[in-house]
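Open your viewer, set the cartoon view going, and keep the selection box handy. This tour goes stop by stop, telling you what to select next and what you will find there.

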Amino acid sequence: MRHGPGDPAWRHTPDGAFWRTCATPDGPGTLRVAVADGRVTGAAWGPGAGWLLETLPALLGEDDDVSGFVPEHEVVRRAAKRHEGLRIGRTFRVFESLVPAVLEQKVVSEEGWRAWRWLLYHYGEPAPGPAPEGMRVFPGPEVCRSIPSWDWHRAGAEAVRARTIVNAARYAARLEAAGDSAATDLLLRALPGIGVWTSAEVRQRSHGDADALSVGDYHLSSLVGWALTGRRTDDAGMLRLLAPYLGHRHRVSRLLRSDGERPPARGPRARVRDYRSF
């Protein structure tokens, strides 16, 4: 759920607690989750506190169905054993997952994370309750629609990504009410500027979809190919390799990201641009 270091909507504090803010259907809220002696405890503040506590089990993966997941490769078997507690959680918030996914489209991750931070610091509201300093709540679709073009520029989002977010904000209510992951995928990809990768990144979080594979990701196909065969591959090759895991392809990609051997670098890292200086 975190979008880069310093995400204003997410914190992991020295006491081991995880903090998260959310623009819930009932209003802004702050959630604190801690684990002690094998027990998970949650506390929440703000108008959305009740909703956050009610949905906390799903956020932690209670609804994650691992039936049908059978490792076909030794590297997947090892990763599944090492990360036995991995669960795909869900937030139930489609538009709140969509905005950072759009900001991260076709750019180095750091560019998208920087834009997300700017957006929350300048248009989000302070987190309710005793949240760590600097935490902010996502501003929501109506606010996103009102952001002027020059502030999208200051955030570092060029006109294409800004238009995609503003247009999607008009359909936010329909996105939230779309239903299951498949229906949400159809609606998302009917909107200009939203393709397979963005839809998958959203549904992984909003619906906890363990099969929503990030096809089109800059690194993922090479990572999967290298982990499973020792060779790089493209998206088509990745889909062939992951065909035995239909229903759990995102789960497998998560396991391989956590545990798989990464292919050797072939050149210098992509440069982080600053669109604000263009």
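## Stop 1: two cysteines

Select Cys22 and show its side chain: the closest cysteine sulfur belongs to Cys144 and lies 14 Å away, too far for a bond. A disulfide would need the two sulfur atoms to be within 2.5 Å. Please keep in mind that this is a predicted model.

Now add Cys144 to the selection. Cys144 is in no disulfide either, with the sulfur of Cys22, its nearest, 14 Å away. How many disulfides does a search of the whole structure find? The count is zero.

Are these cysteines buried or exposed? Cys22 counts as buried, at 0% relative accessibility, and Cys144 counts as buried, also at 0%.

## Stop 2: the largest core

Stay with Cys144 and select Phe138, which is in contact with it. Leaving aside neighbours within four places in sequence, Phe138 also contacts Ala23, Phe95, Glu96, Val99, Trp116 and Leu120.

Next, colour Phe95, Leu98, Val99, Phe138, Trp152 and Ile165 together. These residues have the most contacts inside the largest nonpolar core, a set of 37 residues. Several elements each supply at least two residues of this core: β2 (18–24), α4, α5, α8 (159–170), α9 (172–176) and α10 (181–189). Which helix gives the most to this core? That is α4, with seven residues.

For a second, separate core, select Val75, Leu220, Leu223 and Tyr245, which are among its 17 residues. Keep Val75 in your selection list; you will meet it again at Stop 5.

## Stop 3: α4 against α5

Select residues 94–103 for helix α4 and residues 109–123 for helix α5. Their axes are 8 Å apart, and the helices pack at an angle of about 135 degrees. The two helices are therefore oblique to each other.

Show the side chains at the contact:

- From α4, pick Glu96, Val99, Pro100 and Leu103.
- From α5, pick Gly112, Ala115, Trp116 and Leu119.

By type, the residues of this contact divide into six nonpolar, one polar and one charged.

Now move to the loop between α4 and α5 and select Lys106. Lys106 has a positive phi of about 55 degrees, although it is not a glycine. Most residues other than glycine have a negative phi. With 85% relative accessibility, Lys106 counts as exposed.

## Stop 4: a second positive phi, and the start of the chain

Jump to Asp37, in the loop between β3 (27–36) and β4 (39–45). Asp37 is not a glycine, yet has a positive phi of about 55 degrees. Is Asp37 buried or exposed? At 83% relative accessibility, Asp37 counts as exposed.

Then go to Pro5, in the segment before β1 (10–12). Draw a distance from its C-alpha to that of Glu110: the two are 9.0 Å apart in space, with their positions 105 residues apart in sequence. Setting aside neighbours within four places in sequence, the contacts of Pro5 are Trp113 and Arg117.

## Stop 5: helix α14 and its surroundings

Select residues 249–259, helix α14. Which residues of this helix are buried? They are Arg249, His250, Arg251, Val252, Ser253, Leu255 and Leu256. Among the elements covering them are α3 (74–82), α11 (196–206), α12 (220–229) and α13 (235–241).

Zoom in on His250, which sits in α14. His250 is buried, with a relative accessible area of 6%. Beyond its neighbours within four places in sequence, His250 contacts Ile88, Gln204, Asp209, Ala210, Asp211, Ala212 and Leu213.

To finish, show α3 together with α14. Their axes are 9 Å apart and cross at an angle of about 80 degrees, so the helices are roughly perpendicular to each other. For the contact itself, select these side chains:

- On α3, choose Val75, Val76, Arg78, Ala79, Ala80 and Arg82.
- On α14, choose Val252, Leu255, Leu256 and Asp259.

The residues of this contact divide into seven nonpolar, no polar and three charged.

Notes: Residues are numbered from 1 along each chain as its sequence is written. This is a predicted model: local features need pLDDT of at least 70, side-chain atom pairs count only at pLDDT 80 or more; totals for chains, interfaces and linings use all residues. Side-chain values use heavy atoms; hydrogens and water are left out. Buried means under 20% relative accessible area, exposed over 50%, partly exposed in between (1.4 Å probe, protein chains only). Helices (H or I, at least four residues) and strands (E, at least two) are DSSP runs, numbered from the N terminus. Contact means heavy atoms within 4.5 Å. Axes are lines fitted to C-alpha atoms, for helices over the stretch in contact, and angles run from 0 to 180 degrees between N-to-C directions. Angles under 35 degrees count as roughly parallel, over 145 as roughly antiparallel, 65 to 115 as roughly perpendicular and the rest as oblique. Ala, Val, Leu, Ile, Met, Phe, Trp, Tyr, Cys and Pro count as nonpolar, Asp, Glu, Lys and Arg as charged, and the others, Gly among them, as polar. A nonpolar core is a set of buried Ala, Val, Leu, Ile, Met, Phe, Trp, Tyr and Cys residues joined through side-chain atoms within 4.5 Å.
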